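Please open the structure in your viewer and keep the selection tool at hand, since this tour moves from one selection to the next and says what is to be found at each stop.

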Amino acid sequence: MDQARNLPHIASMALNEPLLLEPAYARVFFCALGNELGVGRLIDGTTNTVLSPPQMTELAASYGPGRMTVSDNGYDIQDRIAIVPISGTLVSKSAALRPYSGMTGYNGIVSRVTAAINDPDVDGILLDMDTPGGMVAGGFDAADIIARLRSQKPIWSLANDMNCSAGQLLASACSRRLVTQTAKAGSIGVLMAHSNYAGNLEQAGVDITLIFAGAHKVDGNPWEALPKEVRATFQAKMNAIRQSFAEKVSGYTGISVQAVLDTEAAVYTGQESIDAGLSDELVINTDALAVMREAISNSKVTRSIGGQMSVNQTQTVADTPTGSEVATAQTAAAQPAGSVTAAVNDAIQAENARIMGILDCDEAKGRGVSARALAATPGMTVENAQRILASMPESAQVRTETGLDRLMADSPEALGQGAAAKAEENDLMNTPV
């Protein structure tokens, strides 16, 4: 049976199970599922709205198919940024590399992000999100993995045009969250749907008797109305999952748990989501890549302060920059992206000139170890290094070679006369440095 049409399986995952779905889309989803299952009506418990089959059909048709297409590896690379599309309902145990049938699997997201992390042609990852959320199962694990991987390469999210509920969970785990001006974010809450066919069965003259062992074995079954005690149990489960959801978002973003709970699962648009602390920056969707690319480039200049001078050049001696290099890097970070490369090159040339000036000066001869140590010292100028080196004794090896050179120049034949002379030469040559 086609997985996309396996209605009993879909129903088992969607009914009587906690879902991290944006409420408006939840209506659409259950209208579509209800039409397929032949239900007589849909009741929205939050608004007490009752939808008839024609209304359900109209609402289900309002949600169009996904618009995203990607390459065979599951992500596209533009300007060394991997774009990972996340669209439609989020489901567990679907490792497909592409969103399909209006769904994206958590396993597939993790596989694509992990592959991009290990791709040497990728500097960062952008999750291009248009999802109302989905299943609880698999969502928390996927978010934890994203949060772990963001320490290796920057992982950004773009709400384009939605990252709600489980989508907000994944976005919160990212290094930075972009949002378009009309995109929706938030909906940090949990919902559950219960189907009740008791009325239909009664009208059809069908009587179903459930024979079971274990008091909770048939809790939430679709053949009877939901008992109050079962509803209370389900509500307690929803509250616990919502609390865990809020704690995850808090841990990823630094927002307090109470502040997350105080959103009461509200959905925010554009700037509102930034004001609520759920997004970081408002962008036009076509500018998202350029914004991320510039940030990564500036970050590399900043990280050079810790020892990586350039992406394309290897620093051979000094792992720590000078004060002038820090200033140059900071200036570069504040400049437009087009001038960053020139600023980095200037910093590299200045640092290389400083290093070679210390290593090649006359005072460094015979004091190589000390010269290398001074070259690696932050803020050490060539002039100061010369004064320090001049006050140091030459190494034993250099003194030995100087003595031999003088002896050979004065009397070269002396080195070949007698065992004593040979032994003396060996002793001199074997003097440890």
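Begin by selecting A265, which in this predicted model is partly exposed, with a relative accessible area of 26%. To find A265, look in the loop between helix 9 (257–262) and strand 11 (267–269). Although A265 is not a glycine, its phi is positive, at about 60 degrees. Most residues other than glycine have a negative phi.

Select D79 next, in the loop between strand 4 (76–78) and strand 5. D79, again not a glycine, has a positive phi of about 55 degrees. Is D79 buried or exposed? With a relative accessibility of 54%, D79 counts as exposed.

From D79, follow strand 5 (81–91) to its far side and select S92, which belongs to the loop between strand 5 and strand 6 (103–105). S92 has a relative accessibility of 19% and so counts as buried, the cut-off for that class being under 20%. Once neighbours within four places in sequence are set aside, the residues in contact with S92 are Y106, M135, A137 and G138.

One of those contacts, Y106, leads to the next selection, helix 4 (residues 106–117) together with helix 5 (residues 139–149). Two packed helices are described by the angle between their axes and the distance between the axes. For helix 4 and helix 5 the angle is about 10 degrees and the axes are 9 Å apart. Angles under 35 degrees count as roughly parallel, and helix 4 and helix 5 are therefore roughly parallel to each other. Show the side chains where the two helices meet: helix 4 contributes Y106, I109, V110, V113, T114 and I117, and helix 5 contributes G139, A142, I145, I146 and L149. Sorted by class, the residues of this contact are nine nonpolar, two polar and no charged.

Keep helix 5 selected and add helix 8 (residues 228–253), whose axis comes within 11 Å of that of helix 5 and crosses it at roughly 10 degrees. That angle makes helix 5 roughly parallel to helix 8. Which residues of helix 5 and helix 8 meet? On helix 5 they are F140, A143, D144 and A147, and on helix 8 they are I241, S244, F245, K248 and Y252. The residues of this contact divide into six nonpolar, one polar and two charged.

Now move to strand 8 (residues 155–164) and select W156, which is found in this strand. W156 has a relative accessibility of 7% and so counts as buried. With residues up to four places away in sequence left out, W156 touches I125, L126 and L127, then C174, S175, R176 and L178, and also V291, M292 and A295. If you draw a distance from the C-alpha atom of W156 to that of R177, 21 residues apart along the chain, the viewer should give 5.8 Å.

Stay on strand 8 and select D161, which also lies there, together with N160. The peptide bond that joins N160 and D161 is cis, with omega at about 20 degrees. Most peptide bonds are trans.

Next, select the cysteines C164 and C361. C164 is buried, with a relative accessible area of 0%, and C361 is likewise buried, with a relative accessible area of 8%. How many disulfides does the model contain? Taking a disulfide as a pair of cysteine sulfur atoms within 2.5 Å, the count comes to zero.

The last pair to select is helix 14 (residues 368–375) and helix 15 (residues 382–390), whose axes come within 10 Å and cross at roughly 150 degrees. That makes helix 14 roughly antiparallel to helix 15, since angles over 145 degrees count as such. Their crossing is right-handed. Helix 14 makes the contact through S370, A371 and L374, and helix 15 through A385, I388 and L389. Five of the residues in this contact are nonpolar, one is polar and none is charged.

To finish, clear the selection and view the whole chain, which has 17 helices and twelve strands. Of its 433 residues, 39% count as buried. Among the contacts in the chain with a separation of 6 or more, 66% are between residues 24 or more positions apart.

Technical notes. Residues are numbered from 1 along each chain as its sequence is written. This is a predicted model: local features need pLDDT of at least 70, side-chain atom pairs count only at pLDDT 80 or more; totals for chains, interfaces and linings use all residues. Side-chain values use heavy atoms; hydrogens and water are left out. Axes are lines fitted to C-alpha atoms, for helices over the stretch in contact, and angles run from 0 to 180 degrees between N-to-C directions. Helices (H or I, at least four residues) and strands (E, at least two) are DSSP runs, numbered from the N terminus. Angles under 35 degrees count as roughly parallel, over 145 as roughly antiparallel, 65 to 115 as roughly perpendicular and the rest as oblique. A crossing is left-handed if the near helix is turned anticlockwise from the far one by less than a right angle, and right-handed if clockwise. Contact means heavy atoms within 4.5 Å. Ala, Val, Leu, Ile, Met, Phe, Trp, Tyr, Cys and Pro count as nonpolar, Asp, Glu, Lys and Arg as charged, and the others, Gly among them, as polar. Buried means under 20% relative accessible area, exposed over 50%, partly exposed in between (1.4 Å probe, protein chains only).
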